[in-house]
Amino acid sequence: MAKLDDLVAQARKAQQERARSYREQALKILPWICGRCAREFGRERLRELTVHHRDGNHDNNPPDGSNWELLCVYCHENEHARVEDSKLEKSGQSTEVKPATHRAFEGLGELLKKK
């Protein structure tokens, strides 16, 4: 079990080092602007700017940055959600969202009247 833990730890460390290096490269060659919403980022908020791999392959990191685009954390999350949604649509599974039925504040008015 210890060997497996070591292997997983090494793989995570290697992935973090790769991510750090391509992020640093991307920040050097690309403008600090979100590629979707066009929000500009200064040094103090640069942590909110992420590197998105256009082809989805995090190991495809050409030095010219042709597979990268900088996205703010919100647009990056939205981009990945769109990919997941399209996978569901292609598989034929329903993406219809059912309305919530839980009423978190039901009865709150009565409880407040008692005070």
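This is a short walk through the structure above, for anyone meeting it today.

Hello everyone. Please keep in mind that we are looking at a predicted model.

Let's begin at the start of the chain. Helix H1 covers residues 2–29, and Val8 lies in it. Together with Met1, Leu4 and Leu7, Val8 makes up a nonpolar patch on the surface. The accessible area of those four residues together is about 430 Å². Val8 itself is partly exposed, at a relative accessible area of 35%.

After H1 comes the loop that leads to strand S1, and Ala38 sits in that loop. What is curious about the phi angle of Ala38? It is positive, at about 65°, although Ala38 is not a glycine.

Next to Ala38 you will find Cys37, which brings me to the cysteines. How many disulfides do we count here? The count is 0. Cys37 is in no disulfide, and the nearest cysteine sulfur, that of Cys34, is 3.6 Å away. A disulfide needs the two sulfur atoms within 2.5 Å. Cys37 is partly exposed, with a relative accessible area of 39%. Then there is Cys75, whose closest cysteine sulfur belongs to Cys72; the two sulfurs are 3.6 Å apart, so they are too far for a bond. Is Cys75 buried or exposed? Cys75 is buried, because its relative accessible area is 16%, and the limit for buried is under 20%.

Now to the strands. S1 runs over residues 49–53, and 5 of its 5 residues are buried. Leu49, Val51 and His53 point one way from S1, while Thr50 and His52 point the other way. Where is the partner strand? S1 pairs with S2, residues 68–72, in the antiparallel sense over 5 bridges. As one example, Thr50 has Leu71 of S2 as its bridge partner.

Glu48 deserves a moment of its own. Glu48 is found in the loop between H1 and S1, and it is buried, with a relative accessible area of 14%. Leaving aside residues up to four places away in sequence, Glu48 touches Arg39, Phe41, Leu71, Cys72 and Val73. You may notice Leu71 there again, the bridge partner of Thr50. Glu48 also meets Arg45, side chain to side chain, in a salt bridge of 3.0 Å, N to O. On the other end of that salt bridge, Arg45 counts as partly exposed, at 39% relative accessibility.

How many salt bridges does the structure hold? There are 6. Another of them joins Arg82 and Glu79, at 2.6 Å, N to O. These two are 3 residues apart in helix H2, so about one helical turn separates them. Arg82 is partly exposed at 47%, whereas Glu79 is buried at 12%. Arg82 and Glu79 also belong to a network of salt bridges that links them with Arg36 and Glu69.

Helix H2 spans residues 73–91 and also holds Ser86. Ser86 is partly exposed, with a relative accessible area of 27%. From Ser86 to Leu49 is 37 residues in sequence and 24 Å in space, C-alpha to C-alpha.

My last stop is helix H3, residues 108–113, where Lys113 and Glu110 are 3 residues apart, about one helical turn. Their side chains meet in a salt bridge at 3.5 Å, N to O. Lys113 counts as exposed, at 65% relative accessibility.

Thank you for listening!

Key:
Residues numbered from 1 in each chain as written. Predicted model: local features only at pLDDT ≥ 70, side-chain atom pairs only at ≥ 80, totals over all residues. Heavy atoms only, no water. Buried < 20%, exposed > 50% of the residue type's maximum accessible area, 1.4 Å probe, protein only. Helix = DSSP H or I, 4+ residues; strand = E, 2+ residues; numbered from the N terminus. Pairing = 2+ DSSP bridges. Patch = residues over 30% accessible without salt bridge, like charges linked within 9 Å, V, L, I, M, F, W, Y side chains within 5 Å. Areas by Shrake-Rupley, 256 points an atom, 1.4 Å probe, with all protein chains shown as cover. Contact = heavy atoms within 4.5 Å.
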